[in-house]
Structure formats: C-alpha cells, structure tokens
Number of protein chains: 2
Amino acid sequence: MSAVICTVDVVLLTLLGEELAAVLLRREHAPFAGELAIPGGYVHPEDDLSAYDAAMRVIKDKTGIVAPYLEQLATFSGAGRDPRGWSVSVAHYALVPHDLLASRKDEAVHIVPLSQLGPLPFDHQAIIATALERLRNKSQYSSLPCFLAGDTFTLPQLQRMYELLLGEPLNKVSFRRKMSEMAMLDPVDGQFEAGGAHRPAQLYRLKAAVKKTLTVLERGL
Amino acid sequence: MSAVICTVDVVLLTLLGEELAAVLLRREHAPFAGELAIPGGYVHPEDDLSAYDAAMRVIKDKTGIVAPYLEQLATFSGAGRDPRGWSVSVAHYALVPHDLLASRKDEAVHIVPLSQLGPLPFDHQAIIATALERLRNKSQYSSLPCFLAGDTFTLPQLQRMYELLLGEPLNKVSFRRKMSEMAMLDPVDGQFEAGGAHRPAQLYRLKAAVKKTLTVLERGL
C-alpha cells in the first residue's frame, strides 16, 4: 500500500452584511502558494484525536477562533485533487457570527461573499457547493442558521439568516411558530432594537443549553 | 507528518425474510482475524480513482456483486479505532436485494439480521448505527428503500421495506400517493402475485431511468 495524503478542509461561513460569505486564506506554501483557498491542513496523528479534532485545530490556528458548531461534511478523495499525490480530505463546515471572526482576524484571513468567489484551488469549489447543499437541507429541519447569529438578534434578523441559507423567502407567521416549537430562544429582558419606521423589535438570544448543539424540528419549516 | 492508514468500510444491508440484515465477512488477517466484520480494506492508490471507487472494488472482490446504489456515509478517524495506528476509514453504505447476494455469496459471506448482531471489531457498531440513522432520514425523502427490492415487487412489499428502514408503520393511502408522486414505478403487464386470502397484487418494477439513481420526494412521506 502506498501512502495516502490525509488532510482536513473547512468551509467556514459567516454573514457579511446581507450576504453569505466564505472565509478564505492566502496560501503560504506550494501547491497554489499565494492563492486564496478554504482553510485546511494535514492531519497530525501525534496531536489530533480525530479528523474533527484536526479541523478544530486548523480553524483555531489559522483564524484564531473556536467554532461554536462544526460538523463533518463529506470526504473528497482521489489521485486528481491534489498535485502532491493521492489524497483524502475530510471536509467539515462551520457557521460563525461575523463579530467573532472580525475580533480575531488577521491579514491572511479574507471574508469573501459567495457571489464574488473566484476560481479556487484543489476541489474547493466542489467542497463549498456540497456545504451549501447540506446547509440548505439542514436549515429546513434545525437550528443550524442560528450559529450565524451573534449574541443577540431579532426575529426578523434570524428569519433573514434562514432565508439566506435556504435560498427562498419564508412566511413570517409560520417561521415564528416553528421557532417557538424549537423552544430554543430566550427574550433578552428589556432589550429592543429600533427598526427605522417600524416599532422596536424584541432581542433574543439562544438558550445556554442549545448554544453548542443542534436543535431539530420534527416536521421541518 | 506521520503516515495515516487509509481504508474504506461498507455497510451492506439486505432483507432476510422480514428483517433488515447486514453483510459480514469472516476476517482472514490480523487484527481481529477470524471475527465477523463489515467488508472493508485499504485504499489502493494505484487502482482506485477515489474512496468511492475503493468501496465498489471491496464489495466486488469480497461479495462478488456490483452494488446498484452506493453512497458515502461518513468518515471515522483517530488513533483508537484501529490497533495498527492512526486511521481514517471512509465509510459507505449500500442496499442490495437479497437475490443478488444469494446468487453470488460464498462461504466467507454471512448475512446477519440486525437484531442478532454480536459485538463487532473496530468501530463497526458505530458505523452501522450511523448508517441506520442515515437510512431512516433518507427513506423519509427518497426512493432509497427501493434498492432493497428485487426486479419486481408489489406495493405492500415496497411499503414494508420503507417501514423497516423508517422503523414505523405507514398509512397505506398516503404511501401510495407518495410513490405515485415520485413517478418511478412501472406496472409489469399482466403480472400479479397471489396473496393468500387477498386478491392478487399487481407487480411493479423500477423504471429503467431511476434504477441506479435516487429519486427525491419534495415534502417527504
């Protein structure tokens, strides 16, 4: 058996204004040195307990943050995807609030709206496409979009995060019913956000118990 | 970077009478020589185009069949799962009709009902549990259970396959409406199966166009 290159890659998504954006890093080393790519790196058998652990380490080392929710996406493999040889990349994805990234980000970290993504090295475009499909499916049935939100948010803001990930508008009444069914939000006492012409909107936060786990909707949105 | 062991494992499920059953093989080599385990093997970078390709090869070599529908399940990794060292196993799953297996199976192949599974080596129990969870989710929204069926089947038989994978009974009328919505079945002209006290049931087969692909239900069963 010849050696297989074993890496992890991470699709790290955040909100940039009203758009979904990916975290890209300027690659320091060959192959594709100098190009923007999604964060990734070799598995370190001495340090990493698992591929999941390796992905957490890569995010921490390369962007300075601890992702609140990280999930395995799929594994991409073969002779053609990496010029160094036959490789397996265990791809993961994470959603992070923009504030968290902004507070830690250094020069190497680029936050690029999905609508402005150029060509990417390796099969990173396919990995991002797979992540977006997974996000669309999973947003239909879970609290996943909440991980894009910062500490507090209004219901219209949360609905917008769901709509961005689902790629379609949602009915306000049924959206609110589903959120209440998931029982994962706490109103923030006395805190409201002024909304221009509208009356102030109540601010919410995720309950502590569900801040790092996924809440699932039995029948979907 | 030290070397990582790269393997594939396959959860191959079939129907044994009225039960879901897993295909297990008696292991020839250490570790766990002589024990029953799910089919698996090293990735062969010289021969395999991808981990998917490796999984197809493993199924073919070890059971003699070509799986009509194979899908990547998840990747299991870490220092603890294989006594040989830090390993990555790209797990896949496939559903196959019992007739296909029965026609090719040799002495090493065991078809064991899930209710009778004993302890398994490596993390094979966790891999099977993950496969069953995926199957339950996916059966809710697709033609996946059809891959358990042989060439022809009645609607009550197909409903039973859905129920086994979902782990719950289905309403007959709504099940039939959903099957017709997926538009994937052709009645077999003039062929009926006598059903004891009941009147003969029409036999169906999958349309040629959907025999190797998954048909998806927009809103689920």
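# A viewer tour of a two-chain predicted model

Start in chain B: select R81(B) and D9(B), whose side chains form a salt bridge with N and O 3.6 Å apart. Keep in mind as you click around that this is a predicted model. R81(B) sits in the loop between β5 (70-78) and β6 (87-95) of chain B, while D9(B) belongs to strand β1 (residues 5-16), so this contact ties together parts that are 72 residues apart in sequence. Switch on a surface and look for the two side chains: R81(B) is buried at 9% relative accessibility, and D9(B) is buried too, at 6%. Now hop to chain A and pick D9(A), R81(A) and D123(A), which salt bridges with shared partners join into one network.

**More charged pairs in chain A**

How many salt bridges does a search of the whole structure find over all chains? The count is 17, and two more are good stops here.

Select D48(A) and R57(A) for the next one: their closest N and O atoms are 2.7 Å apart. Both D48(A) and R57(A) are buried.

Then move to K138(A) and E71(A), another salt bridge, at 2.8 Å from N to O. Colour by secondary structure here, as K138(A) is in helix α3 (residues 124-139) and E71(A) is in strand β5 (residues 70-78), 67 residues apart in the chain. Are these two partners equally covered, or is one buried and the other partly exposed? K138(A) counts as partly exposed at 25% relative accessibility, whereas E71(A) counts as buried at 12%.

**Aromatic pairs**

Next, show the rings. Seven aromatic pairs turn up over all chains. One of them is Y162(A) with F175(A), an edge-to-face pair with 5.2 Å between the centres and 70 degrees between the planes. The two rings come from helix α4 (residues 155-166) and helix α5 (residues 172-182) of chain A, and they are 13 residues apart. Y162(A) is buried with a relative accessible area of 0%, and F175(A) is buried at 1%.

For another edge-to-face pair, go to chain B and select F32(B) and F122(B): the ring centres are 4.8 Å apart and the planes stand at 75 degrees. F32(B) is in the loop between β2 (19-26) and β3 (36-37), and F122(B) is in the loop between β7 (109-113) and α3 (124-139), so the pair ties together parts that are 90 residues apart in sequence. F32(B) is partly exposed, at 30% relative accessibility; F122(B) is buried, at 17%.

**Backbone oddities**

Stay on F32(B) and check its backbone: phi is near 65 degrees, a positive value in a residue other than glycine. Step back along the chain to the peptide bond from A30(B) to P31(B), which is cis with omega near -5 degrees. P31(B) is in the loop between β2 and β3 of chain B. Chain A has a cis peptide bond as well, joining A30(A) and P31(A), with omega about -5 degrees. P31(A) lies in the loop between β2 (19-26) and β3 (36-37) of chain A.

Now jump to A183(A). What is its phi? About 45 degrees, positive although A183(A) is not a glycine. You'll find A183(A) in the loop between α5 and β8 (185-195) of chain A, partly exposed at 44% relative accessibility.

**Along helix α4 of chain A**

Go back to the helix that carries Y162(A). α4(A) has twelve residues and spans 16 Å from its first C-alpha to its last, close to the 16 Å expected at 1.5 Å a residue. Its buried residues are L155(A), L158(A), Q159(A), M161(A), Y162(A), E163(A), L165(A) and L166(A). Just past the end, G167(A) takes a positive phi of about 75 degrees.

**Zoom out to both chains**

Finish with the whole assembly on screen. Superposing chain B on chain A takes a rotation of 180 degrees with 0.0 Å of shift along the axis, at an RMSD of 0.0 Å. That is the relation of a two-fold axis. The same surface serves both copies, with 100% of the contact residues of chain B recurring in chain A.

Select the interface and you get 26 residues of chain B in contact with 26 residues of chain A. The area buried between the chains is about 2,000 Å², and carbon and sulfur atoms give 56% of it. How many salt bridges cross between chain B and chain A? Zero, by the rule used.

How values were computed
Residues are numbered from 1 along each chain as its sequence is written. Chains are lettered from A and ligands numbered from 1 in the order in which they are written. This is a predicted model: local features need pLDDT of at least 70, side-chain atom pairs count only at pLDDT 80 or more; totals for chains, interfaces and linings use all residues. Side-chain values use heavy atoms; hydrogens and water are left out. Rings of Phe, Tyr and Trp (its six-membered ring) pair if their centres lie within 6.5 Å; planes under 30 degrees apart count as stacked, over 60 as edge-to-face and the rest as tilted. Helices (H or I, at least four residues) and strands (E, at least two) are DSSP runs, numbered from the N terminus. Buried means under 20% relative accessible area, exposed over 50%, partly exposed in between (1.4 Å probe, protein chains only). Copies are superposed by least squares on the C-alpha atoms of residues with pLDDT of at least 70 in both. Contact means heavy atoms within 4.5 Å. The expected span of a helix is 1.5 Å times one less than its number of residues. Buried area is the accessible area (1.4 Å probe) that two parts lose on being put together, summed over both. A salt bridge is a side-chain nitrogen of Lys or Arg within 4 Å of a carboxyl oxygen of Asp or Glu.
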